[in-house]
Amino acid sequence: MSTGTSSALNSEQDLASIPMAGGGLSRLAIARLKSAGVEVAPLLKRAGLTPEAIAEPEERLSVRSQIALLDEAAIALKDDCIGFTLARDFDPREIGLLYYVMASSQTLGDGLKRIARYSKITNEALVFGYQEGNRLVLSLGYSGVSRHSDRHQIEFCMFGVLRVCRMLTGQNLVPQHFSISHYRSEGTSEMARFVGTKVEFGADRDEFTLNVDARELPLIHADSYLNDLLLKYCEAALAGRRDDIARSLGMSKRTLARRLSDEGLNFTEILQQLRRDLAVRYLDDRKLHVSKIAWLLGFHEVSAFTHAFKRWTGKTPREIRTAGVTMTA
């Protein structure tokens, strides 16, 4: 095998094995750094990221780079609990799709089941577990990234999920047990106050448990119409993931990546085409406001959706509706 061919195959293997994320957590960290007056360009460079990638809301980022950026942010801000700090302070709507699919569910149990099924859409490395028994067990694991390489992302997710559960139920839910597998010797008392019980570090698992009755708690933003639309989008997004596509076509991820490359395509382009097609389909439904469509497609701002749609079609969403244009999805 020639050196060029070998390098190409290695690149395909590397590409197929890199877990990607929506990058919302990275952008939260960058906002915090900028508000503190920290120069972010050197930190981004050391984490393997670019200002252009951060500035584009729909640009997906490597999970490994996100973990590295959080490490850099913790040092620059002198905040060794940056994941916890962000989880305590952020606006949950900034999560995007996962927040809305959970918030629009009828009960807490329904919402958590949605997170367990769809978390990989926004972060391919995270494995969110939901188990019902004598209690509700909510767990986090990693796929494609070594657990020991991270502290801040896992803490953001653990504390962030608990905070969202409280906000959506209007209840000060206190876990029966809260454990994190990495070790900490400082900053744990503030975390314990937030949780309402001891946070066990150096545990076997990253998980927390709630009383089983919590699954029946109604969510204050329940919206069955919106939830149905979001579920359709999430299922379509799952169907577009490279693992599922490769499996359905009876080939490995490496082979699929190579064949896409032969056709001048890549996964990002395919996923963008999926979003474009869904946007066109949703715009045909006059009952859906443009802002809600932006949410459905995972955009934090209507302006970002409008910019992306114009790039895809040459027209803005409102121009399409005003002109009564029917586009082929």
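**Note on the predicted model: sheet, packing helices and confidence**

1. The core element to look at is an open sheet of five strands, ordered β3-β4-β7-β5-β6 and with mixed pairing; strands are DSSP runs of E with at least two residues, helices are runs of H or I with at least four residues, both numbered from the N terminus, and two strands pair if DSSP finds at least two bridges between them. Because β3 (126-132) and β6 (200-201) stand at the edges with a single partner strand each, one side of each is left without a neighbour in the sheet.

2. This is a predicted model, in which local features need pLDDT of at least 70 and side-chain atom pairs count only at pLDDT 80 or more, while totals for chains, interfaces and linings use all residues. Residues are numbered from 1 along each chain as its sequence is written, and side-chain values use heavy atoms, with hydrogens and water left out.

3. Strand β3 pairs with β4 (residues 135-142) in the antiparallel sense over seven bridges, and within this pair Phe 128 stands opposite Leu 140 in β4. Helix α8 (residues 108-122) packs on the sheet, where it touches β3, β4 and β7 (206-211), and its direction makes about 150 degrees with that of β3; contact means heavy atoms within 4.5 Å, and angles run from 0 to 180 degrees between N-to-C directions of axes fitted to C-alpha atoms, for helices over the stretch in contact. Helix α9 (residues 152-169) also packs on the sheet, touching β3, β4, β5 (177-180), β6 and β7, and its direction makes about 165 degrees with that of β5.

4. In helix α10 (residues 188-195), Met 191, Phe 194 and Val 195 are buried, meaning under 20% relative accessible area with a 1.4 Å probe and protein chains only. Seen down the axis of α10, the buried residues fall within an arc of 95 degrees, so they line one face of the helix, the arc being that of the directions from the helix axis to the C-beta atoms. These buried residues pack against α6, α9, β5 and β6.

5. Thr 85 lies in helix α6 (residues 82-89) and is buried, with a relative accessible area of 9%. Its side chain makes a polar contact with the side chain of Asp 79 at 2.8 Å, the term standing for a pair of N or O atoms within 3.5 Å of which, within protein, one must be able to donate a hydrogen and the other to accept it, and residues adjacent in sequence count only if both atoms are side-chain atoms.

6. The mean pLDDT of the chain is 83, and 82% of its residues reach 70 or more, pLDDT being the predictor's confidence in each residue, from 0 to 100. Among the elements of the chain, helix α1 (residues 3-17) has the lowest mean pLDDT (39) and α9 the highest (97).

Note on methods:
Buried < 20%, exposed > 50% of the residue type's maximum accessible area, 1.4 Å probe, protein only.
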